[in-house]
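This report describes one protein chain, going from its sheet to its ion pairs and its nonpolar interior. Please read it alongside the sequence and the model.

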Amino acid sequence: MQQEELMSLKETGQKGDFLLPLVVCKTVLPDFYTTFPMHWHNEMEIVVVDEGDFEETIDFETYHIRKGDIVLVPPCMLHSFKQFEEEKSVFRSIIFDLSIVTGNNTDACSIKYFTPFLENRYISPAVISSSKPHYEELRAIVTELLDIYSEKKECFELKLKAKLFELFYLLFCYFFEGEENANAIKSGTTKSVKMILDYISANYMYPITIEELAETVNLSKHYFMRFFKKYMGMTCIEYINDYRLNIAANLLLTTRMRITEVAASIGITNLSYFNRIFKKKYHITPKEYRVNADNT
C-alpha cells in the first residue's frame with residue numbers, strides 16, 4: 001500500500017488509468033503494519049490468499065480468511081483487515097472500476113446485471129472457500145486474470161476484459177443472489193460510519209474529541225460511543241490511535257523525519273505517550289522499528 005492510501009480513508013486515487021482502470025496489489029502481513037483501518041473505494045476488489053490467515057471485516061461482519069480463499073469486496077463497501085494472531089499472510093488484490101466491463105453503455109448486461117449490482121440489489125458472498133461449488137472454476141479465472149496482468153503480452157487488454165466478463169458470468173450464475181429490497185437501516189448505519197471515518201481521516205493530525213465526532217452524525221456522546229464500539233469492534237480512541245500509528249509506521253520507514261516530528265505529524269505532541277502506544281501495537285519502540293527496517 002502506498003503512503004497516500006494510508007493517509008486517506010476513502011481511497012480516491014484512480015486505480016490504474018483511464019485506458020485500463022485496473023491494478024493488482026500484493027500485500028504482506030506484517031509488513032510495516034499489522035492492521036489496515038476501515039476504508040472504502042469506488043472500485044471492486046477481488047482478493048486471493050496465497051499464504052497464511054488473516055481477519056477481514058466487510059460491511060460490519062468479520063471473517064477469518066484462510067489460504068486459498070477468494071474475498072469479494074463490492075464497490076463502496078466498508079472493509080478493513082488485520083493480522084491473525086502473529087501469523088504471516090500474503091494476498092493479492094485485483095482492484096478495478098466496473099467501467100472496464102460496462103463501458104458506460106446501456107445494454108442488456110448493464111440493465112439486467114451491473115446496474116442492479118451497483119445499486120446493492122444483489123447479495124455478494126464475502127468469502128468463497130475451496131469447499132464451495134464452482135470454486136475451482138472461479139479460482140482458475142482469477143489466476144488467469146493475475147497472470148494476464150503480470151505478463152502483459154501483446155493485446156493483453158482484450159484478454160483481460162474477456163476474462164472479467166467470464167468472471168462476472170460465473171458470479172451472477174452461481175454466487176450472487178438477488179435482493180428485492182435494500183436494507184435501509186444498514187444503509188443508514190454505513191452512511192453514518194463513513195461520515196465519522198471521513199472526519200477522522202481529514203483531522204487525524206489535530207486533537208479530536210468524542211464530542212465533535214458525535215456532532216458529525218447528530219448523536220449524543222454516550223450513544224455515539226456505544227454506536228462506534230458496536231459497529232467498529234473497538235473504541236473510538238483505539239481506532240484513532242490505530243489509524244495514526246499506521247501512518248506513523250509508514251513515515252518511520254519511508255522518511256528520515258525525527259521521531260518527535262513523526263508523532264507531531266499525526267497529532268500526538270506527548271512523545272512518551274506516542275512511544276507507549278506504538279510499543280503496545282508493534283511490541284518495539286519507534287526507534288527500534290526504524291533500526292530493524294534499516295537492517296533488513
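In which sense do strand 2 and strand 9 pair, and over how many bridges? Strand 2 and strand 9 (residues 89-96) are antiparallel, with eight bridges between them. Two strands are taken to pair if DSSP finds at least two bridges between them. Helices (H or I, at least four residues) and strands (E, at least two) are DSSP runs, numbered from the N terminus.

The model is a predicted one, in which local features need pLDDT of at least 70 and side-chain atom pairs count only at pLDDT 80 or more, while totals for chains, interfaces and linings use all residues. Residues are numbered from 1 along each chain as its sequence is written, and side-chain values use heavy atoms, with hydrogens and water left out.

**Overall content**

The protein has 12 helices and 12 strands. Of its 296 residues, 47% are buried; buried means under 20% relative accessible area, exposed over 50%, and partly exposed in between (1.4 Å probe, protein chains only). Among contacts with a separation of 6 or more, 72% come from residues 24 or more positions apart, a contact being heavy atoms within 4.5 Å.

**The five-stranded sheet**

Strand 2 and strand 9 belong to an open sheet of five strands, ordered 2-9-4-7-11, with antiparallel pairing. The edges are strand 2 (22-29) and strand 11 (127-128); each has a single partner strand, so one side of each lacks a neighbour in the sheet. Within the pairing of strand 2 with strand 9, Leu29 lies opposite Ser89. Helix 5 (residues 156-175) packs on this sheet and touches strand 2, strand 4 (44-51), strand 7 (70-73), strand 9 and strand 11. The direction of helix 5 makes about 90° with that of strand 4; axes are lines fitted to C-alpha atoms, for helices over the stretch in contact, and angles run from 0 to 180 degrees between N-to-C directions.

**Strand 5 and its partners**

Strand 5 (residues 54-58) is largely enclosed by the rest of the structure, because four of its five residues are buried. Strand 5 pairs with strand 6 (residues 61-65) in the antiparallel sense over five bridges, and Ile58 is opposite Glu61 in strand 6. The hairpin of these two strands has two residues between them, and Asp59 in it takes a positive phi near 50°. Strand 5 is also joined by five bridges to strand 8 (residues 79-83), again running antiparallel. Here Glu55 stands opposite Lys82.

**Salt bridges**

There are eight salt bridges in the structure. A salt bridge is a side-chain nitrogen of Lys or Arg within 4 Å of a carboxyl oxygen of Asp or Glu. The table includes three of them.

| Acidic residue | Basic residue | N to O distance |
|---|---|---|
| Glu151 | Lys153 | 3.7 Å |
| Glu166 | Lys163 | 3.0 Å |
| Glu211 | Lys221 | 3.2 Å |

Lys153 is exposed, at 59% relative accessibility. Glu166 and Lys163 are three residues apart in helix 5, so about one helical turn separates them. Glu166 is partly exposed at 38% relative accessibility, whereas Lys163 is buried at 10%. A network of salt bridges links these two residues with Glu144.

The bridge between Glu211 and Lys221 links distant parts of the chain, with Glu211 in helix 7 (residues 210-216) and Lys221 in helix 8 (residues 221-232), 10 residues apart. Both count as partly exposed, Glu211 at 38% relative accessibility and Lys221 at 41%.

**Nonpolar cores and cysteines**

A nonpolar core is a set of buried Ala, Val, Leu, Ile, Met, Phe, Trp, Tyr and Cys residues joined through side-chain atoms within 4.5 Å. The largest such core has 51 residues, of which Leu197, Phe224 and Phe274 touch the most other members. Helix 9 (residues 236-254) gives the largest share of this core, 10 residues. Apart from neighbours within four places in sequence, Phe274 contacts Leu245, Ala248, Ile259, Val262, Ala263, Ile266, Ile268 and Pro286. A second, separate core has 35 residues, among them Ile70, Leu146, Leu160 and Phe168.

The structure has zero disulfides, taking a disulfide as a pair of cysteine sulfur atoms within 2.5 Å. Cys155 is partly exposed, with a relative accessible area of 46%, and Cys236 is buried, with 5%.
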